[in-house]
Each structure stands twice: as C-alpha cells, then as structure tokens.
Amino acid sequence: MTDQPTLIDSHYLTVLDSVDAVIYVADMETHELLFLNKLAREVAGGSIGAICWKTLQANQQGPCSFCTNDRLLDKHGNPTEPYVWEVKNTLSGEWWECRDQAIRWSDGRLVRLEIATHISERKRNEESLHDKEQRFRELFENMSSGVAIYDATADGKDFIFKNFNSAAERIENIKREKLIGHRVTDIFPGVKEFGLLSVLQRVWKTGVSEKFPMSIYQDKRIQGWRDNYVFKLPSEEIVAIYDDVTLQKQAEQELLEKKERLSFALQGANTGMWDWNLKTGSVYFDENYFTMAGYEPDEFPHDFSEWEKRIHPDDVDQVKATIQSTLEQQKAQFTAEFRFKTKTEQWMWILAQGKIIEWDDSSEPVRFAGLHTGIEKIKESELALRESEERLELTLEAAELGSWDWNPMTGKVVFNQRWTEMLGYRLDELKPHVDSWTSLLHPDDLAQTMKNITAHLDGQTPVYQTEFRMRTKSGEWKWILDTGKVTLRNDKGQPLRMTGTHQDISDRKKADEALRTSEENLRITLNSIGDAVIATDIDHQIIRMNPIAEQLTGWTETEAISKPLKEVFHIVNINTGKLAENPAATALKTGKTVALANHTMLISKDGHESQIADSAAPIRDKDGHITGVVLVFRDVTEEYRIREELQKMQQLESIGTLAGGIAHDFNNILAGIFGNIALAKKRAGDNHPCSRYLDQAEISANRAKNLTGQLLTFAKGGEPIKGHVSLGELIKEVATFDLSGSNVKLHYEEPDDLWLAQVDSTQIQQVISNLVINATQAMPDGGHLDIKLKNTEYFEDSVSELKPGKYIEVKVRDEGAGIAEKYLPRIFDPYFSTKQTGRGLGLATVYSVISRHGGQIHVQSKAGEGTVFTFYLPAIDDIPTETDGPKSEAETVTNQPIRVLVMDDEEIIRLLTTEMIIKMGGRTDAVTKGEEALEAYTQAMQDKDPYDLVIMDLTIPGGMGGKEAMRNLLQIDPEAKVIVSSGYADDPVMALYKEHGFKGIAAKPYTLAELKKTIDKIMDG
C-alpha cells in the first residue's frame, strides 16, 4: 500500500476510502491489482501488485471463469458501457453487485475498474419475500371471505379478472377458470346497477380505498346481498374482498320494520327512548334520541357517565337527586327538566321521564328506562325576553363600551355610566345634551366627525362610524371609536332616534403607532443590510422581502407576497441539478435554525443562476409559538469562483516544486550537450561531414530545452524575465509558423498604435503556440483562425479583476467543434484533456503564464460553435529606446582578452564553460562552490591579476550558492561583474537579477553564441 498515494491524489483517496463499496483496479492482461480502497483491503486483505483472482476469490488456480474482461471492450478494443452483474464471492460467501468498466490508466493501458456493493441482505430479503408470497397464497385460498383481483382495462372503464379465491367461487357459484382473463361486465352484467363498477373505477383512479355498503346484486344467474371492501395495490391491481350477507340482511329487515313503526311514533312526538342497565352503567339510546341532539349513534359511548357529562353543570345536581329518589323508590316515576349539550356545543332543554322496569332477586333495581322529549321551543319562549334584556347589558359591560341614545330633533342624549367613566366623569357631571359631547371633541377632529354624522343622518351611509380624540376630566386626550345607527325616523324620513357606543381605543392607537414605527424600523433595517431576506408565514407563504432578495430572485416584493416560497425561492443542487431541500420547511419542522447545504444554486425568475449560502430560522411570537420562518441568504458565486482559482494556483504551485527539480537536473544535462555540440561544430567547421549531424543534434537538444521550459512554465509559470516586446510581431510570427503546412487560414488584425507588452517573449511564444495548435486540432478539415489585438485600459472602479493599468487584449477564435459546457470549468486544470492522446498540460501552461504576467484569460465556447480564448497582458504606451530581440553577430561578437572565474558544482558544466571562454579568446579558472570563488577572487585581486567576469551557479547543493556568494563578493569588490547561471529558470533571482547585484543571466542550458552575447553585452557596459 505504500505506492498507492503516489497514484491517486490524497483527497480523492480519502473519498474512495470512505465509500461503502469495494473498489479496485486490475490490469486486464496480467490481472495485477493497481489500486484497492480501504474496504477492498479489509475484505480481501490484498495489496498493490497482487493478482486479483488469487486475492479476491478462494481456491482459484487461474483467472476466474466469470471474469468480465471480455465484456468490457468492443470488437475494436475500445471500452464499452459499464457491465453490471451479481456474484457470490468464494472467499467470504457473501453476495455482491459488481459494476465493471474498462478505463485508461495513467500510463495509457486499459485496466478494469470494479465497484462492488454488498447485496447479501437484499438476497436474503428476496428469499424472505418468496416465503411471504407463499404464505399469502395459502391465506388467499383459505379465507372465508371472497377475494377478487382485477386489472384495469380501457383506461379504467372496465376491469379484467386476474384471480379469484375458493370462497369467491362458492359465493358466486362459478369456477375461476371461467373468469380469469374476462371482463367483469361480461361475467356479472348487473355490476353497473349494483354500483360496484363505479367504486372500482374511483379506487383505480384515486388510489383511495372504499367500503362499499351492503347492497343487493342480481342478474339472470344469481342474486344476493354483498358486503364489499375495495382497495388498490402498489402494482396497480384492484382487490375486492366481500361476503355473502343475504341471510343476515333478511333478519335485519324484519327487525327494522318493527323498529321503524315505533320510531315513527316517537319521532312525531320529538321524543327519544333510553334504557339504562344499572349494573353495568351502559345505556341504550334509540336513533331518535341521538337525532334530537344532533349526534350520530357512535359519537359518544353508551354509558351513563358520558351522558351525565353532557348535562348542564347548573342542572346536574338536581337531575342526580331526582334519579336517586326514584332508585330508592321514594318516587314512583322520574321526571326532570334540564339542559343537555348537543353535538354543536349548544344547550337544548329536555323533559326526562322514566321508571324502574326490572329488579334482581334482592329487589334491587336493575333496569331504568324512559323517554326524553325536546322542550326547547317552550323554554326558548320563557327565556327569550329575560336573556334579551340581560344580553345587551352584559355585552356592553364585557366589551367595555359606553352607550348613548340621541334624539337629533331635540339634541337630548342619554349616556350610560360607562360612557362617562371612560372620560373620568361621574354620570351627574355631564349635561345630557349633544353639546356636552361636542365640547369635549378635539378641535382637529370635530369637522370630519360632524361630516360623517351628517352623511349617516341623510341616509348616505348605512352605519355611522368614526375615530376621534376626546378630552378627559384630567385634561388628557383619549382616542374613541364611535359607532351608531339611526333606529327611528318619522314619516318624512327625518331621524328621531340614533343609538350607538363609545369604545376607548387609546391603547390600540398606541400599539398601532408602535407597530408602524417598528415596521418602519424593520423595513429600513432589512433594506439596508447586504444579505437577502425573505420571511414566510407558517404555511410557507411569503410575507416580506428586502431589495437584495428581490434582486437575487428576480421577483418584486409586490409580486412575491402570498406566493408559496418554493415558487419564488427556487433552489437546486449545483452538481446534480435536482431540487434542493427547502430549509424553511426543515426550520418549521425542527424549530431550529437550519443552514443551507453547500453547492446550492438559486435560479431567479428570469433563469439567472447564483450560488448561495443561507440559513433559515423559525419566527416565534411572544409566547414562543412558531408563526413563520425567516431566510437570510447571500450570493457566494464570486467567493466560490475565487476559491477555485486559489485552489488551481495552489495545485500548480505544488506541482512546480517537483517540476523545478526535474527541469534543473535536465537543464544541467542539456548544458553539457549544448556545450559539446557547440565546441564540436566550432572545431569541425562548416564543411565537415559531421556538421549536419551536429546541426540535427542541436535541434533535438533545443526541443528538449523547450520541453523543460514548458514543464516549468506549466508547473509554476516560471518567473517571467520581462522586456518590452512588440506583441503583434511575436504573435503573428509564431502563429504563421505553427500553421505552416496546415489547411487552416490565419486572419490577423492589430491597430497601428498597438502598445508594447511587458512580457517574457519566450513564455508568450509558448502561450500562442499552444492556443494555435489547439485550434488547428479542433479543425481537422480546415477553417479560419482569427487573432485580433487591441489596446485596453482598466481603472479602479472597473468590474474586471485586473489591476488598474494598460493592457493588450488578444482574442483567438477558431471554427472548430467547440467545448461541451460541462468541461469548461476544468479546461485549465492540469492533466485534464478531452483528447484521447492529450496530456492536459497545454492550457494549464497557458493559464500559468498569463497569471504570472499579472494578466487574465477567459474562454467562451459551445459545442459545435467554435471557441474563443481572450487574454490580457500588461502593456506600456511609451516606446523604449531598445526592445528585446536578437542582435547580429557583428553586434555581439568581440574578442576581448578577458579573465573569467567559473563557479559550478557540475564538472561537465565547468569544463564546457571553460572551453567556451577559451574559444572566445579568454582565460578562465573554475571552482565548485561559493567559498572557493570568494577565495579565488580575493587572491586574484592581491596578485594584481583580477577577474574581469565571474559566472556563478545559483544553486550549489551542500555549499554556498550564487546568491549568497554575490552578497559577499560585493563587499570585496562593489564593481564586480557577475553572471548568474541556473537550471532553475523560474527562480525569482533569475528574473530580478539586477536587484541582487548581478549584471546578467545565463539560463541553462546555454549555447556558445548565447553565452558570448551575454558576456559581450556586460563587457561593453
């Protein structure tokens, strides 16, 4: 298992180890295990490198006979769809469901990926289900009730017999063989009139079971009473269970006729019958008894205690005393009047009469029977007047209302005591005239109040009602709700009497004002916060939204009010697209604050998508009861995007550590190759037979050099060694070269005043080359490649994430097959490629380079519509005196007799660099580390033969490297001329060499011409 983490990223390994399934990968030819997750290791005890059939099965002498390798590839050797199968493992004896698929391993070979899920429990359940089915069949055949099973046909208009048990055969006097497969209407033509067909149709359509009441079925063959219960199975089958109740029905009919005659007599007298068993306490009531009180026979138990509970509390003692006197035989007959509670919680008056009708052997009463007669109308007549008189006074008192009675013709007003008390007066302190009332009205309210009264007196409004302020005896103002109506007019329609009430609403007014203030404060607060807020009632109906919520959902508050939350707050899982669980429902159910699950997308009214984070909390009233839910959410789309960008950069940085080391070692090797080739070509001359082979060797070495450069650029971007570059010339030259020989036509466009770019020309060449090659591969049948450049500038308030400054915008557009939308978020990821032969480094390199330059790159594409890459690079609009570019041989080659000190830990580099300097006509000494270089430089100065130039390797394992040596050397000779050299082309010292005191750089591997160019430039000043 020690090799496993090197094959799979640790994050993914953690996920695979947590999956409740056996997951392993095996070579399809050798059967070697390449990967096992935690459960696979626990179940099989295997490890990487073992043989799958030896590890995962028992007693195998060779590959398993049920091996699926031959099912995972088509006839062309390409992977097919996953193959799903079940197998009983010979190692453990357990059942597994396996999902096998051929995939390509990291080295390109085809391997078998198997994901096995434990299904032994399911297998046991299947066996248990078979046993249950057998028991069901035995029960089905031995039931005393008839059972018929139907399938719907003709869209539920008719039904076909699917099964029929033995009891049904006996009841219907027919064999099931004559029924199965036939329509019910064909076998039982009276089923429609019987009513069962309608029941079958409803149950099939609604799925709601029905009890079909006892009814008589008849046709030419049979007739009889049937009692049916119909329900629907999950299989869509309809089941009817029924009994033949013909004999029972005949006996009931005879008894019913006798009871009806008695019932009709009692019903006419509004009388019900009762029969009380004194030993058991049970009471029989006839149907008339229940009808009088509005009950159904089964709505309260036939028990004396239950009957007693329904007697009015004020009457119950008197009734019980009368009953007791009768039981003690002090009275021959029981007679009482009392109030009895009806089903609607109303009280009805009852006249109860009864007597003892049965005694036991000890002369103790056993049965007490009698009649109840409704006397409600009689009692209503007696109580009506008294209740009417009391009701008004009680109502006014309970409602704390003051009453008034006004004669508009004379102005006389009669006030009750409550009217004067609410103003702080005694009844005798106010004159009984309308002037007493108007004198207490607030001046600001008087005009509107009189207008409302006049309108009612003139018959313009059915009721007078208004609110105004009245001055109390203490001088304070109270708010009054005044309501009244004209109750008497003369024959000319003039009002003679108007009555009404005063209600003190001062507290309500204060509460309303406080509520308005609170509402306004809440509105201001909600409208001011940066988060979106939606509040709902307990039925999930929206009652409030703030502007941020309007913006994110696309609904205005006016549109959303009273709408169901799920209609406005439409959320889905960002990965699956399935509806996400509504957090409001969970908050209501649990009574706790609920946070939204990660990866949740809000889809607005117009279809806009926003990734959100939110929480839902229950709203409680002052008593702690939940009255609704409040959701607080915010748009975190940008946060997640930035997080993904950071993760992508961190991924590149981590890979860079490995890539840098490889590139450094490789560059040291290439340096030896380049040096020897250059020296060989110098010695051989142009006409030597080996010259063309040396040229080819140098070309191959250059390709290897470019590969290490691409590896560094991909891994960490490589610290760009920036210069002022004519980006237009560079891009056009690279694109033209890469398209040569292809059937893709270049269309290039740039403005005349295009700014110069501040870039590393070598790295930007790699960017353009990768994009052009991708475009060419996307158009195998040819097409157009459009490249367009323009100047652009971003400021502090720009939406773009680019720093403020000048940039050159480059658009690269092809007419290829495009990129599927699902792949767009991953195209810049390392090792991700949609091509079977792709390494997934090209676009990762592009992204790294652009980011390292302080630029930005975007992609737009749709399948079948081509692709557009747009990137931005920093620019300047000042034209420098000198731009980066190659110099002629005459400019770079001088034959100065210089003395050079070479410091490098690689012997081959020391030898080759020494030879190159000698070829240039110079003298040289070589050392292996910084300490030796400082000693040699000091000694040369003391000998009056100082070094003109020093070439220092930046990194010396186990010794002083170039950076530290340079600091010490400048203390010895502040004017020292030193070239820094390294295979780590991405090291910041190489890009910022001047800041560390160096005069130039020589990135390994370098050629004789490149080294000479650098030396000449430094020595020329």
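The following exchange examines how several assignments in this predicted model are justified.

Biologist: How many helices and strands does the protein chain contain?

Modeller: The protein chain has 33 helices and 39 strands. Of its 1021 residues, 41% count as buried.

Biologist: Why is Cys67 not assigned to a disulfide with Cys52?

Modeller: A disulfide requires two cysteine sulfur atoms within 2.5 Å. The closest cysteine sulfur to that of Cys67 belongs to Cys52 and lies 6.2 Å away, which is too far for a bond. The structure as a whole holds 0 disulfides.

Biologist: Why is Cys690 called partly exposed?

Modeller: The class lies between the buried limit, under 20% relative accessible area, and the exposed limit, over 50%. Cys690 has a relative accessibility of 36%, and therefore counts as partly exposed.

Biologist: How do you know that the span of helix H13 agrees with its number of residues?

Modeller: The expected span is 1.5 Å times one less than the number of residues. For the 12 residues of H13, residues 316-327, this gives 16 Å, and the end C-alpha atoms are 16 Å apart, so the two agree.

Biologist: Which residues of H13 are buried, and against what do they pack?

Modeller: The buried residues are Val316, Val319, Thr322, Ile323, Ser325, Thr326 and Leu327. They pack against helix H12 (304-309) and strands E11 (271-277), E13 (334-341), E14 (347-359) and E15 (365-374).

Biologist: What phi does Gln329 take, just after H13?

Modeller: Gln329 takes a positive phi of about 65°.

Conventions. Residues are numbered from 1 along each chain as its sequence is written. This is a predicted model: local features need pLDDT of at least 70, side-chain atom pairs count only at pLDDT 80 or more; totals for chains, interfaces and linings use all residues. Side-chain values use heavy atoms; hydrogens and water are left out. Buried means under 20% relative accessible area, exposed over 50%, partly exposed in between (1.4 Å probe, protein chains only). Helices (H or I, at least four residues) and strands (E, at least two) are DSSP runs, numbered from the N terminus. Contact means heavy atoms within 4.5 Å.
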